[in-house]
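Me: I've got this model open and I'd like to go through some of the labels people put on it. Can you tell me what stands behind each one?

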Amino acid sequence: MKKKNNHLSYAKWGYLFILPFFAAFFIFSLIPLVDTVRYSFYEYYRSGIKEVGPTFVGLENYTALLQSDMIGYAGNTLILWLIGFVPQIVIALLLANWFTDIRIKIRGMQVFKILIYLPNLIMASAFAMLFFALFSTNGPINSILLSVGMISEPIDFMGTAFGTRSLIGLMNFLMWFGNTTIMLMAAIMSISPDIFEACELDGCGSVKRFFYITLPLIRPILAYTLITSIIGGLQMFDVPQILTNGQGNPNRTSMTLIMFLNSHLKSRNYGMAGALSVYLFIVSGVLCFFVYRMTNGKDKTGTARAAKKAKGGSKA
């Protein structure tokens, strides 16, 4: 006589608990995403009170975008991202390595951590308004420079492409380098102290320890930082939008792809906006794929090769 299996399965409760997330994702993310892709193949916009479409036009929206100024705006986005990200990752790596070095006794380290993270808590709109007031022609920065005699007339920081781009890059750097530093600190602190002790016993200096031990071991976090930064850079909008009043001045040299997308949404040109969104999705996917392969695709330590060789020897 077989005994009945009285084991209770609680798997259904797990599915029940995650159901609200999938329901919300399906309603608020998946359906709008599918509609965006669908509208990218349609002519669908408003002209005054008249609504045109939706009329299927195939790839006309995509070809029209390639013939527009989209490539130039993509270049602006890349330049603005590089200006903010390059100093951000360099300073964050140096600070993270400095704060986690047990040989350096830093007093008030927690205060420094709070101070570098504080700009990340400020809203981008407030940050942009602050910089707009500080660096305007009649702002405090020009007043200080004039009073100390460093300049003879006010500098129009936002009247040149270099000045505007530099201000946007500086704001992005200040807002995000603290967050990047905290993440890199967590990555370095996860490395076993025995590795650093062995490094010191072998006579390895600080520079070699940083490039040959620290950097390779925090490579996954570096890849995550770079990928999220690329996605955030492609979505750059609020800082240049507020600083240039949505115009991307001077001469649209600060116009980003999302500002260009917002102009189509504002005019309710849903077909062009959908096509531009698809372009952004493809570009971000390709860039993130290459970054992931560059940072995780190669086995620089040779562990996989050694394991494969050992496996082949055991079979023989």
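Reply: Sure. Keep in mind that this is a predicted model. Let's start with Ile114, which sits in helix α4, residues 109-121.

Me: What makes Ile114 count as buried or exposed?

Reply: Its relative accessibility is 53%. The label "exposed" is for values over 50%, so Ile114 counts as exposed. As for where Ile114 sits in the fold, its C-alpha atom is 8.7 Å from that of Gly178, and those two residues are 64 apart along the chain.

Me: Now Cys204. Where is it, and why is it called partly exposed?

Reply: Cys204 is in the loop that runs between α8 (193-201) and α9 (206-217). Its relative accessibility is 24%. Buried would need a value under 20% and exposed one over 50%, so Cys204 lands in between and counts as partly exposed.

Me: Which residues does Cys204 touch, leaving out neighbours within four places in sequence?

Reply: Those are Cys199 and Arg209. Contact here means heavy atoms within 4.5 Å. Phe85, on the other hand, is 119 residues away along the chain from Cys204, with 30 Å between the C-alpha atoms.

Me: Cys204 is in contact with Cys199. How many disulfides does the structure hold?

Reply: Zero. A disulfide is a covalent bond between the sulfur atoms of two cysteines. To be counted, a pair of cysteine sulfur atoms has to be within 2.5 Å, whereas contact asks for heavy atoms within 4.5 Å. So the contact label on its own doesn't make a disulfide.

Me: And what about Cys199 and Cys288, buried or exposed?

Reply: Cys199 has 5% relative accessibility and Cys288 has 14%. The cut-off for buried is under 20%, so Cys199 counts as buried, and so does Cys288.

Me: How do you know that α9 and α10 meet?

Reply: Leu215, Pro216 and Leu217 in α9 meet Arg219, Pro220 and Leu222 in α10. By class, that contact has five nonpolar, no polar and one charged residues. Arginine is in the charged class, so Arg219 is the charged one. The two helix axes come within 5 Å and cross at roughly 65 degrees.

Me: Last one: what lines the largest pocket?

Reply: The pocket has a volume of about 470 Å³. It is lined by 23 residues, and the closest to its centre are Trp176, Thr228, Ser229, Gly232 and Gly233. The elements giving two or more residues to the lining are α3, α7, α10 and α11. By class, the lining has 11 nonpolar, 11 polar and one charged residues.

Technical notes:
Residues numbered from 1 in each chain as written. Predicted model: local features only at pLDDT ≥ 70, side-chain atom pairs only at ≥ 80, totals over all residues. Heavy atoms only, no water. 1 Å grid on protein atoms, 1.4 Å probe; cavity = no way out; pocket = protein on both sides within 12 Å on 5 of 7 lines; lining within 4 Å. Points joined across faces, edges and corners; volume = space filled by probe spheres on them. Helix = DSSP H or I, 4+ residues; strand = E, 2+ residues; numbered from the N terminus. Buried < 20%, exposed > 50% of the residue type's maximum accessible area, 1.4 Å probe, protein only. Axes fitted to C-alpha atoms, helices over the stretch in contact; angles between N-to-C directions.
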